[in-house]
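Here is a friendly walk through one protein chain, from its surface to its core. Keep the structure open beside the text as you read.

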Amino acid sequence: MSRYDDPRWYEEQHGNSMPPQPPAYDDLNQLPPPPAQPGGMPGYPYAPAPYNPYQPYQQQPGVPQAGHQRPKRRNLGRIFAQALTLVALVVLAFFGGWFAHQLFGNSFSTPSSTDSRAYSNLIQQAWTVIDQHYVDRKAVDYKNMSYSAIRSMVDSLKDRGHTRFMTPEEVQSENQQLSGKFIGIGIYLHQDPKTKDLSIASTIPGAPAEGAGLKRGDILLSVNGQDVRGKDTTAVSQLIKGEAGTSVTIKVQRPGQNQPLTFKIERKEINVPNVILHYIPEEHVAHIQIVQFTNGVSDQLRDALQQAKDKGAKKYILDLRDNPGGYLNEATQIASMFVKSGNVLIEKDSSGRETPVPVTGSTIDTQSTLVVLINTNSASAAEIVTAALKDNNRAFVIGDPHTFGTGTVLQQYSLSDGSAILLGVQEWLTPKGKFIRDNGVEPNQVVKLPDSSAPLTPADENSGNYSLQKILSSGDTQLIAALKYLQNH
């Protein structure tokens, strides 16, 4: 899955190209608008229209035009005196302005604004040249030119995997994903970094794929007759998507079987359970996975924690592996369930001003032993929660050497055709002030998962009726390390 997609989903905030407005959202899901938008940023007011020095002066209505009659002689002396005064004022103004510019120009000039105007004009010049003079008129695609230019501008910011441009279709998909609902068949894909084979990492419980018989580990061969071997997850996901009530045909190779299997599956609206619980009674341990920080996920976690306590859980594994992020306010609420006092993160704006974001005080469990599992795909809001629990000495973190490294708070700016720019408007730091972007969050204990293995999820454990012994022999070295830590603490 990709964030949303990244599945990044990501902590996002939404706004508009005018003052940022809370959108209806979000994909990957982002959607119905959450109580607070990702990032929690207030809307910016409109800026007044800039002064245009090239716009002709317009005479005010009611003021007569200057006449052309010759002035009367008795007024010549007065007119001559006024003219001299006017010339003197103009000269003084000119030299006064020149002197002020020489004296204060370096202090009060705004080179960034000047550069902005100059280079935006350069873009317009290039557009005009192409539009008016390129010989192959069929190749001049204004939409493609616009989108390519915007993508290049956004990519130049180097906010890897976070700040980005989205087409109208991608905006819709993103909004759908964070809403916790989407139309599809309900599978998560995993691509082997070496063979590039796409396999089913897991199926969503109760989704059409599970009902049709697709299983974890099935390798995708084709979608609707189109060969998908070697294609990336985003391209294949687009092939699988479609309208509710329509069908998609998927051919897979199941390990251990000689012949491929073909499944025709009807697409349906799926309510995604973004919090999944598996209870391990032998150890009184609850393995809880947060799939993504969608709208309302904190309520789902609260319910899962209560279910775990009712079953007898005394220790917890919070699994944030492959979690692409989502809403910042959901991350804040979840971290606050486990931390009594302190900060969830520190926001840093473009001027360097730092603003702590404290826990809410709505705690659920501040005492039970807690392990957080991460990998390099844990991003955005997942990193915020991990860092908050680690820096406040509330959890022991196990996993890959670092998380993804998305250290910006996003705000969505909608463009006129339904496309949008997700723009990093603030940096975020851990409660101890550590910079996250590009570096990620480091675990307390580094444990790598073998390339041949995928994370074992609570959904897998539930569907396979996993006992403690079966989990310990599963090959998920990170989950096994978490259980061993909990056995000793």
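Let's begin on the outside. I130, Y134 and V135 make a nonpolar surface patch of about 310 Å². Y134 sits in the loop between α2 (111–133) and α3 (142–155). With a relative accessible area of 42%, Y134 is partly exposed, because the range for that label runs from 20% to 50%.

Before going further, please keep in mind that this is a predicted model. The chain has 489 residues, and 43% of them count as buried. Its secondary structure comprises 12 helices and 22 strands. About 26100 Å² of the chain is exposed, with carbon and sulfur atoms supplying 54% of that area.

Now to the sheet. Six strands form an open sheet with mixed pairing, in the order β13-β14-β15-β18-β19-β22. Its edges are β13 and β22 (445–446); each has a single partner strand, so one side of each is left without a neighbour in the sheet. Further in, β15 and β18 run parallel and are joined by five bridges. One residue pair to look for is D319 with L373, its bridge partner in β18.

What about the interior? In soluble globular proteins, nonpolar side chains tend to be buried together. The largest nonpolar core here has 43 residues, and I290, F293, L301, L318, I334 and L389 touch the most other members. The elements that give two or more residues to this core include the following:

| Element | Residue range |
|---|---|
| β13 | residues 275–280 |
| β14 | residues 285–290 |
| α7 | residues 297–311 |
| β15 | residues 315–319 |
| α8 | residues 328–338 |
| β16 | residues 343–348 |
| β18 | residues 369–374 |
| α9 | residues 381–391 |

The largest share, seven residues, comes from α9. L318 is a good place to zoom in: leaving aside residues up to four places away in sequence, L318 touches I288, I290, L301, L370, V371, V372, L373, V385 and L389.

Finally, have a look at K340. Which loop holds K340? K340 is found between α8 and β16. K340 counts as exposed, at 68% relative accessibility, because the cut-off for that label is over 50%. Even so, K340 has contacts: setting aside residues up to four places away in sequence, K340 touches V359, T363 and T366. Q367 is 27 residues from K340 in sequence, and their C-alpha atoms are 9.8 Å apart in space.

Methods:
Residues numbered from 1 in each chain as written. Predicted model: local features only at pLDDT ≥ 70, side-chain atom pairs only at ≥ 80, totals over all residues. Heavy atoms only, no water. Core = buried A, V, L, I, M, F, W, Y, C linked by side-chain atoms within 4.5 Å. Buried < 20%, exposed > 50% of the residue type's maximum accessible area, 1.4 Å probe, protein only. Helix = DSSP H or I, 4+ residues; strand = E, 2+ residues; numbered from the N terminus. Contact = heavy atoms within 4.5 Å. Patch = residues over 30% accessible without salt bridge, like charges linked within 9 Å, V, L, I, M, F, W, Y side chains within 5 Å. Areas by Shrake-Rupley, 256 points an atom, 1.4 Å probe, with all protein chains shown as cover. Salt bridge = Lys/Arg side-chain N within 4 Å of Asp/Glu carboxyl O. Pairing = 2+ DSSP bridges.
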